[in-house]
Amino acid sequence: MFFFLKSLYLYSVALWIGSMFFFTVIGAPAAFKIFKKEEAGKYTGFIFPKYFVLGNLFGLLALVSFYILVKESMTIVAWLNLLFLLVMNMSNFINGFFITPRANSLKMEYYRTRDESYYNSFLKLHGISMALNALNLLLGFMIIGITSLYLTF
């Protein structure tokens with residue numbers, strides 16, 4: 001059981017952070033270089049719901065497996081790692097279920113009406129979404145570092 005939980009934790013973290021990094025650094029920017037802005041926006045609008053569902057799945061698996069692995073011997077480093085995982089899960093959930101869907105509807109309304117107020121509101125939500133995504137990437141890299149350096153479960 002120990003080997004399974006440790007593998008589940010490591011794979012979940014690696015896949016979650018890896019997919020975030022890939023889409024943030026390569027996938028989304030490439031779409032905006034290859035396609036027209038509106039088409040790239042539709043593409044990312046199609047991808048993001050799946051991106052957040054995967055994040056929720058990997059995040060929950062990482063959180064639960066990590067907690068089960070360390071619950072008997074919680075150190076300050078384990079608490080810190082657990083806190084980072086909790087923050088990442090919460091921000092991914094909020095981003096995926098509240099911020100991004102609202103931003104997508106504002107973007108679609110802008111495409112339909114060309115009313116700049118919709119686009120300005122979209123940009124504000126998009127900025128919040130990008131900040132949460134950047135936070136998750138930063139915390140994810142910290143989790144990888146903590147796991148590799150300090151946790152010997």
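Two rings of Phe, Tyr or Trp count as an aromatic pair when their centres lie within 6.5 Å. With that in hand, let's walk through this predicted model, which holds 13 aromatic pairs.

A good one to start with is Y9 and F66, a tilted pair at 5.2 Å centre to centre and 40° between the planes. This pair ties together distant parts of the chain, since Y9 sits in helix 1 and F66 in helix 2 (residues 37-70), 57 residues apart. Both Y9 and F66 are buried.

Stay with Y9 for a moment and you will meet N81, a residue of helix 3 (residues 76-113). The side chains of N81 and Y9 make a polar contact at 3.0 Å. N81 has a relative accessibility of 0%, so it counts as buried. Setting aside neighbours within four places in sequence, the residues in contact with N81 are Y9, F66, I143, I146, T147 and L151.

Now turn to the surface. Here F21, F22, V25, I26, F141 and I144 form a nonpolar patch, with about 550 Å² of accessible area together. Helix 1 (2-34) and helix 4 (116-149) each give two or more residues to it, and helix 1 gives the most, with four. I144, in helix 4, is partly exposed at 37% relative accessible area.

Two members of the patch are also partly exposed: F21 at 40% and F141 at 43%. Their ring planes stand at 65° with centres 6.0 Å apart, so F21 and F141 form an edge-to-face pair. This pair joins helix 1 to helix 4 across 120 residues.

Finally, look for F23, F48, Y51 and F52, which form one aromatic cluster.

Terms used: Residues are numbered from 1 along each chain as its sequence is written. This is a predicted model: local features need pLDDT of at least 70, side-chain atom pairs count only at pLDDT 80 or more; totals for chains, interfaces and linings use all residues. Side-chain values use heavy atoms; hydrogens and water are left out. Buried means under 20% relative accessible area, exposed over 50%, partly exposed in between (1.4 Å probe, protein chains only). A polar contact is a pair of N or O atoms within 3.5 Å; within protein, one must be able to donate a hydrogen and the other to accept it, and residues adjacent in sequence count only if both atoms are side-chain atoms. Contact means heavy atoms within 4.5 Å. Patches are made of residues with over 30% relative accessible area and no salt bridge: like charges are joined within 9 Å, nonpolar side chains (Val, Leu, Ile, Met, Phe, Trp, Tyr) within 5 Å. Accessible areas come from the Shrake-Rupley method with a 1.4 Å probe; for residues, only the protein chains shown count as cover. A salt bridge is a side-chain nitrogen of Lys or Arg within 4 Å of a carboxyl oxygen of Asp or Glu. Rings of Phe, Tyr and Trp (its six-membered ring) pair if their centres lie within 6.5 Å; planes under 30 degrees apart count as stacked, over 60 as edge-to-face and the rest as tilted.
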